[in-house]
Amino acid sequence: VYLGRPHKVSRADDTPDRMLVQVQSAVKAGIDGIIFPSVQNIGEQIVPISEENRVPAILINSPLLYADHLPRMKYKYWIGSIIPDDERVGLLLAQQLIGEARKSAPQSFHVLAIEGNPKDESSKLRIRGLNKYVKYEKDVASLKIVTGLWNRRAAYLEFQKYYRDHPEVNIVWCADDDMALGVVEAIKTLAISKPIIVGGVDWNTEALESLARRQMHVSIGGHFLDGAWAAI
C-alpha cells in the first residue's frame, strides 16, 4: 500500500520481486510514504530504498527476520512496525479447534494442518504455534502437516487426498480462512456426515458466513486492521 497524492494500492499477490518493482516505481513517482508487508523477507530490500529516498515507511503483517533491524535505529525513515503475533495465532487456533472437537466427545483427535507458503514467515510462525500447543495436548493421536500455498483449491485437493487414506481425521487446522473454506467445500463434495472441525485465520466475510452456518467452526483474526493502524 502506498500513500501519496492520491494514495495508491498495489497488489503484489505474495510475489516479492513484484513488490520490489512496485516500491521502486512508487518512490520514483514521489510518494509521501510506504506501508508494506515483508513477503518472504523482501522488506530487507525495501527498507534501504525508503531510507535512500527519505520516504517514511511502516512495516505491517510480517516481520523482518534479523534482530539488528529495528525501526528508527539503523534506518531512521523506517518509522515503525505493526506485526501480529502469528505464533500465538497458530496456538489459539489449535486450542479452540480442539475445544470445539471436545464437544462431540471423541476419544482422540486426528489433526490435519494445512500451512500456507512454507517460505512465508507468517505461515512458519502459525505452524510453530500449532506444534507448541499439540506437543502438550495428550489427546492428539496424530498430526499431519501439508502445504496449501494459501490457495483454496489446493487445500480442497489436499484434504480429499488425505481423507481417502485417513478417514479418522476429525480436526482440520488451516493457516488462513480461504484454505479452510476449500476444506469445507471438500467435506461437502465427499458427503462426509461425521463431525470434522475446521478453522482458519483472517475473519474474512465468507468465513464469517460459514461460521454462522456451522460449516467452519473457528476463525482467528483482527490483523486485517494492521494497514489501518499504520495509516493512522
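Which residues are linked with Arg-102 in a network of salt bridges? They are Glu-137, Lys-138 and Asp-139. This is a predicted model, and the report below walks through its sheet, its charged pairs, one buried serine and a nonpolar patch.

**The sheet**

Five strands form an open sheet. Their order is 6-5-7-8-9, and the pairing is parallel. Strand 6 (140–147) and strand 9 sit at the edges, so to speak: each pairs on one side only. On average, neighbouring strands are turned by 15 degrees against each other, direction ignored. Strand 5 (residues 109–115) runs parallel to strand 6, and 7 bridges join the two. Within this pair, His-110 of the sheet stands opposite Ser-142 in strand 6. Helix 4 (residues 121–135) packs on the sheet. It touches strand 5, strand 6, strand 7 (171–174) and strand 8 (197–202). The direction of helix 4 makes about 170 degrees with that of strand 6.

**Salt bridges**

The count comes to 14 salt bridges. Three of them are listed here.

| Pair | Closest N and O atoms |
|---|---|
| Glu-100 and Lys-103 | 2.9 Å |
| Arg-214 and Glu-100 | 3.1 Å |
| Arg-152 and Glu-206 | 2.9 Å |

Glu-100 appears in two rows: it bridges to Lys-103 and to Arg-214. The bridge to Arg-214 links distant parts of the chain, 114 residues apart. Glu-100 belongs to helix 3 (residues 86–102), while Arg-214 is in the loop between helix 7 and strand 9. How accessible are these residues? Glu-100 counts as buried, because its relative accessibility is 14%. Lys-103 is exposed at 64%. Arg-214 is partly exposed at 48%.

Arg-152 and Glu-206 also connect distant parts of the chain. Arg-152 lies in helix 5 (residues 152–165) and Glu-206 in helix 7, 54 residues apart. Arg-152 is partly exposed, at 25% relative accessibility. Glu-206 is partly exposed too, at 37%.

**A buried serine**

Helix 7 (residues 205–212) also holds Ser-210. Is Ser-210 buried or exposed? It counts as buried, because its relative accessibility is 1%. Leaving aside residues up to four places away in sequence, Ser-210 touches Leu-181, Val-184, Gln-215 and Met-216.

**A nonpolar patch**

Trp-203, Leu-208, Phe-224, Leu-225, Trp-229 and Ile-232 make a nonpolar surface patch of about 710 Å². Leu-225 lies in the loop between strand 9 (218–221) and helix 8 (226–231). Why can Leu-225 count towards a patch? Patch residues need over 30% relative accessible area, and Leu-225 is partly exposed, with 39%.

Definitions and conventions: Residues are numbered from 1 along each chain as its sequence is written. This is a predicted model: local features need pLDDT of at least 70, side-chain atom pairs count only at pLDDT 80 or more; totals for chains, interfaces and linings use all residues. Side-chain values use heavy atoms; hydrogens and water are left out. Patches are made of residues with over 30% relative accessible area and no salt bridge: like charges are joined within 9 Å, nonpolar side chains (Val, Leu, Ile, Met, Phe, Trp, Tyr) within 5 Å. Accessible areas come from the Shrake-Rupley method with a 1.4 Å probe; for residues, only the protein chains shown count as cover. A salt bridge is a side-chain nitrogen of Lys or Arg within 4 Å of a carboxyl oxygen of Asp or Glu. Helices (H or I, at least four residues) and strands (E, at least two) are DSSP runs, numbered from the N terminus. Buried means under 20% relative accessible area, exposed over 50%, partly exposed in between (1.4 Å probe, protein chains only). Contact means heavy atoms within 4.5 Å. Two strands pair if DSSP finds at least two bridges between them. Axes are lines fitted to C-alpha atoms, for helices over the stretch in contact, and angles run from 0 to 180 degrees between N-to-C directions.
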